[in-house]
2 protein chains.
Amino acid sequence: MSDLVTRLRQRSWRMTPQRRVIAETLDGAHVHYTADEILERAAGRMPEISRATVYNTLNEMVALGEVLELNLDGRSKRYDPNVEHEHHHLICEGCGATKDVHTVGNPMDWLPGDERHGFAVTRASITFRGLCRECAAAS
Amino acid sequence: MSDLVTRLRQRSWRMTPQRRVIAETLDGAHVHYTADEILERAAGRMPEISRATVYNTLNEMVALGEVLELNLDGRSKRYDPNVEHEHHHLICEGCGATKDVHTVGNPMDWLPGDERHGFAVTRASITFRGLCRECAAAS
DNA sequence: TCCTAGACTAGACTTAGTCTAAAAGAAGAT
DNA sequence: ATCTTCTTTTAGACTAAGTCTAGTCTAGGA
């Protein structure tokens, strides 16, 4: 599995120091950061990096299809570099903890033809919600 | 199928004129409005209604479980009064058009036990994306 | 080394939504 | 009917997330 920086360079995307720091921050994460969290962490390594660059860079990586933009909570967007393996998300309604999960079968099969309204359907994302062990125990 | 105003009154929720206008606006819609669109339409019938009231009222209806809050595009939230029949959403990536859709089977079955991370999973929402007929033809 | 398209920066701006403090309105007690 | 109390509504200030702008800088090719 190639890392994000490698994938981006293979697409001959201009690799500036700022972009590298952002890509490495994203790729090293085991949780899905918000743009602000990425800015904060990137600024730890490159203090003069600007907010606009972080947003521009993230949006470009999303447009290239190398990073996924997640809208899990309706507040800030989160970014997920793991586009290689399709996965979905499981969120705790108590504490907001988020896990990547895999479904059995292909979600596209769950939508019958007569429910497609003539659309060419290309992808499906599923958000499962519930309570994690800690929050369930606390309630 | 009872309408939203009736359901809310059955729960002995204080039905003020403002709340009635908001509930009726929501319930009469065949698309999912944003809070701002609801404010705009409610203000057509009751010009002095305030933005805070619209937000407060929508949030309370969501807390009561009588209205669903949707996060389909990552910009503004949309509100869906149709909580009686479980459904999911299909969105055109070209023009943003949104359709309610129904899946075959129960999405909860697609998440095996060993992918649940100890969570008590209670619900699943699926967002299908693709291109509507018009946008597919235009591209 | 020089040039230039593309990238970066600070900070103003926009959008969506929340908060606050005061005024208005409804419900029960007398 | 009037008083008291609790809830709801209001205008507008405030916050958070993200975009835009105009000027500066730089990566990478000639």
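A disulfide is a pair of cysteine sulfur atoms within 2.5 Å. The exercises below apply this and other cut-offs to a predicted model, in which local features need pLDDT of at least 70, side-chain atom pairs count only at pLDDT 80 or more, and totals for chains, interfaces and linings use all residues. Residues are numbered from 1 along each chain as its sequence is written, chains are lettered from A and ligands numbered from 1 in the order in which they are written, and side-chain values use heavy atoms, with hydrogens and water left out.

**Exercise 1. Find how many disulfides the structure holds, and explain the state of B:Cys95.**

Step 1. The count over all chains is 0.

Step 2. The cysteine sulfur closest to that of B:Cys95 belongs to B:Cys92; because the separation is 3.7 Å, the pair is too far apart for a bond.

Step 3. B:Cys135 is in no disulfide either, and its nearest cysteine sulfur, in B:Cys92, is 3.6 Å away.

Step 4. B:Cys135 has 17% relative accessibility, so it counts as buried (under 20% relative accessible area; exposed is over 50%, partly exposed in between, with a 1.4 Å probe and protein chains only).

**Exercise 2. Describe the protein surface near DNA strand C.**

Step 1. Taking near as a heavy atom of the residue within 4 Å of the strand, 16 residues surround DNA strand C, with A:Thr16, A:Gln18, A:Ser50, A:Thr53 and B:Lys77 the closest. Of the strand's atoms within 4 Å of the protein, 84% are in sugar and phosphate.

Step 2. List polar contacts to the strand (pairs of N or O atoms within 3.5 Å). The side chain of A:Thr53 has an N or O atom 2.7 Å from a phosphate oxygen. For A:Gln18, a side-chain N or O atom is 2.9 Å from a sugar or linking oxygen. A:Glu48 uses a backbone N or O atom, 3.1 Å from a phosphate oxygen.

Step 3. Assign elements, where helices (H or I, at least four residues) and strands (E, at least two) are DSSP runs numbered from the N terminus. Helix 4 of chain B gives the largest share, 4 residues.

**Exercise 3. Repeat the analysis for DNA strand D.**

Step 1. DNA strand D is surrounded by 18 residues, and the closest are A:Tyr55, A:Lys77, B:Thr16, B:Gln18 and B:Thr53. Sugar or phosphate makes up 82% of its atoms within 4 Å of the protein, and bases the rest.

Step 2. Side-chain N or O atoms of A:Asn59 and of B:Arg19 are each 3.4 Å from a phosphate oxygen of the strand. A backbone N or O atom of B:Glu48 is 3.2 Å from a phosphate oxygen.

Step 3. Two or more residues come from each of helix 4 (51-64) of chain A, helix 2 (17-28) of chain B and helix 4 (51-64) of chain B. The most, 4 residues, come from helix 4 of chain A.

**Exercise 4. Determine whether B:His88 is buried or exposed, and list what surrounds it.**

Step 1. B:His88 is in strand 4 (residues 88-92) of chain B.

Step 2. Its relative accessible area is 2%, so B:His88 is buried.

Step 3. The side chain of B:His88 is 3.0 Å from the backbone nitrogen of B:Ile126.

Step 4. Leaving out residues up to four places away in sequence, B:His88 touches several residues, among them B:Lys99, B:Asp100, B:Pro107 and B:Ser125 (contact means heavy atoms within 4.5 Å).

Terms used. A polar contact is a pair of N or O atoms within 3.5 Å; within protein, one must be able to donate a hydrogen and the other to accept it, and residues adjacent in sequence count only if both atoms are side-chain atoms.
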